[in-house]
Amino acid sequence: MAAGAQQPSIVPTELEQQIFGRLLDVVHHGGLGTQLRVAGGWVRDKLLGKNSTDIDIALDDLTGKEFCEKITDYYEKVISHELKTPCVIPCKPGQSKHLETAKIILSDISDITIDFVNLRSEKYAENSRIPTAEYGMPEEDAFRRDLTINSLFYNINTNLVEDLTRRGLEDLKKGLIVTPLPAKVTFLDDPLRVLRAIRFAARFSFTLAGNLKEAASDEKVKLNLRSKISRERIGQEVDHMMSGKYPVDAMCHIRDLGLFYIVFAFPEKTVPPVLDKHDWLCVSHIEAAWNLAQSIGCSVFRGGSGSMSQDEQRRLCMYSALFTPVRNMVYTKKKEVVRYIIGNSLKLNGSDAEAIVQIHAASDKFADLIIFLESNGNLETVKENLEKKNLEIPTDMVARVLAGLLLLGIKDLWRLALLISTLSYPEVRSANGSFSQQDELNRRKEIYIRVERLITDLDLEGAWKKIKPLLDGNDIMGVLDIEEGPLVKEWKERLVKWQLAHPKGTAEECREWIKQSKCQEKEM
């Protein structure tokens, strides 16, 4: 901070005061000289006016385990209250756990988990992002952290904010993402911090410092990010970004810093081949999807009882949009590139890859539905394709059958697939022929709302739950006098179309239709 500037203060909540007071009681009761400092995220968030339950305590003369033992001893002897045994997480350098951490809950006060770790300094080997950690002084601990805004302490003993890098408060005020040490040194030591810098910049809408961007774009830093960081750790950081409030900003940073093909590693020998412009295409699609979702409103992501949450739907939608330009790209033995990126490059769950691939497939079908709705010129062709095998569909029910089949396949992710489908709609140009983003956004929104309203008007919302087969396999075999086999499966599929075309049809009417169809096929 500038000389003479007033030092900002933090006023803990009543609950936090109780927690901190209890920890100081432990220090005083044990005759300890320990300084208790809340580190990192809690301090940053408090200074930004945000609530936080992420309480990490840095200790200057004890390990986390040792201090937690002092806490339990105090509770037994002074308060006569038994705490749950502290959870001790051992040092796991390969998973970014460089020092032992102890966790404890002061259950007589709250259910907040408090982390304890000793102050440390770090030294990195040239070919590893895993440092040798040693006990350190407060200033050493502050400077070894990833960003200046995360290097602030709140000293519980003195009730003071400590800015030991002497720029953390200023950077927080200015909204700057800066490393305590020279950025290139920081990133070469631990390249994962490049992605952490991007994540925090997007999370708080902060600006990446010029020297930080230069270091993040350095070829050696990129090489280290590719070779020294596990795909699991990269995937975790990316998933935090995609689950955050501003995923588009994060993806723009990744693209602009030349990191896209490192973070989202593609397999070799793709068909069609990966182009230099794919990073721009992918990011432009997630940006378009984000803008459209914001314009439509929260109705796009409808979490509910028994279904995934709104946040989870939004996350899947953003991934689906990002990879829309490569949804038809394959590699060895026609495997899907999207599955490779999700499963191999990011090490996310297989269920994520499956959902995204399903959304892409459904979005292509929605695109066909949109074209059909925009122009009924191909009505007879569509009707003919649906009516194969003597299934007569009333003309006014063709749209219902098309949409119903789509929803029965994609289920409660249909709004996501619909939104993604509009991204491929032809560009809208203004009267003078120039490209108009606002016109395009309005047109996509109009299409989305029209199809959504159609599905609602056709009583197809929740069709996958509401529409139950009027006849089961045994019924079909009985009507047709056949044995179990492929023909039964075929008739089950035809039955679904018939029910969609005859929403008020009964089981008896369905049997009669099957009998008539059987007779017609015999005649033919």
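**Exercise 1. Two helix packings around α14**

In which hand, left-handed or right-handed, does α14 pass α16? Determine the geometry and the composition of this contact, and then those of the contact of α13 with α14.

*Solution.*

The structure is a predicted model, in which local features need pLDDT of at least 70 and side-chain atom pairs count only at pLDDT 80 or more, while totals for chains, interfaces and linings use all residues. Residues are numbered from 1 along each chain as its sequence is written, and side-chain values use heavy atoms, with hydrogens and water left out.

Step 1. Identify the elements. Helices (H or I, at least four residues) and strands (E, at least two) are DSSP runs numbered from the N terminus. Helix α14 covers residues 310–322 and helix α16 covers residues 350–374.

Step 2. Establish the geometry. Axes are lines fitted to C-alpha atoms, for helices over the stretch in contact, and angles between N-to-C directions run from 0 to 180 degrees. On this basis α14 and α16 pack at about 65°, with their axes 10 Å apart. Angles under 35 degrees count as roughly parallel, over 145 as roughly antiparallel, 65 to 115 as roughly perpendicular and the rest as oblique. The two helices α14 and α16 are therefore roughly perpendicular to each other.

Step 3. Assign the hand. A crossing is left-handed if the near helix is turned anticlockwise from the far one by less than a right angle, and right-handed if clockwise. The crossing of α14 with α16 is right-handed.

Step 4. List the residues in contact (heavy atoms within 4.5 Å). From α14 these are E312, R315, L316, Y319 and S320, and from α16 they are D352, A355, I356, I359 and H360. Ala, Val, Leu, Ile, Met, Phe, Trp, Tyr, Cys and Pro count as nonpolar, Asp, Glu, Lys and Arg as charged, and the others, Gly among them, as polar. The contact of α14 with α16 thus holds 5 nonpolar, 2 polar and 3 charged residues.

Step 5. Treat the second pair in the same manner. Helix α13 (residues 278–296) packs against α14 at an angle of about 140°, and their axes lie 7 Å apart. This angle makes α13 oblique to α14. Their crossing is right-handed. On the side of α13 the contact involves C282, V283, H285, I286, A289 and W290, and on the side of α14 it involves R314, M318, A321 and L322. By class, the contact of α13 with α14 comprises 8 nonpolar, 1 polar and 1 charged residues.

**Exercise 2. Burial in α19 and at two helix residues**

How many residues of helix α19 are buried? Characterise also the surroundings of A399 and G168.

*Solution.*

Step 1. Apply the cut-offs: buried means under 20% relative accessible area, exposed over 50%, and partly exposed in between (1.4 Å probe, protein chains only). In helix α19 (residues 414–422), 9 of its 9 residues are buried. Among them are W414, L418 and T422.

Step 2. Find the cover. The elements over the buried residues of α19 include α13, α14, α16 and α18, together with α20 (437–457) and α21 (463–466).

Step 3. Consider A399, which belongs to helix α18 (residues 398–410). A399 counts as buried because its relative accessibility is 15%. Not counting residues up to four places away in sequence, A399 touches F372, L373 and L458. The C-alpha atoms of A399 and L454 are 8.8 Å apart, although 55 residues separate the two along the chain.

Step 4. Consider G168, in helix α5 (residues 168–174). G168 has a relative accessible area of 0% and is therefore buried. Apart from neighbours within four places in sequence, G168 is in contact with T148, I149, L152 and D163.

**Exercise 3. Backbone features in loops**

Which peptide bond is cis, with omega near -5°? Locate it, and examine the positive phi values of K269 and K347.

*Solution.*

Step 1. The cis bond runs from V271 to P272. P272 is placed in the loop between α12 (260–263) and α13.

Step 2. K269 has a positive phi of about 55° although it is not a glycine. K269 is also in the loop between α12 and α13. With 75% relative accessibility, K269 counts as exposed.

Step 3. K347, likewise not a glycine, has a positive phi of about 55°. K347 sits in the loop between α15 (337–345) and α16. Its relative accessibility is 41%, so K347 counts as partly exposed.
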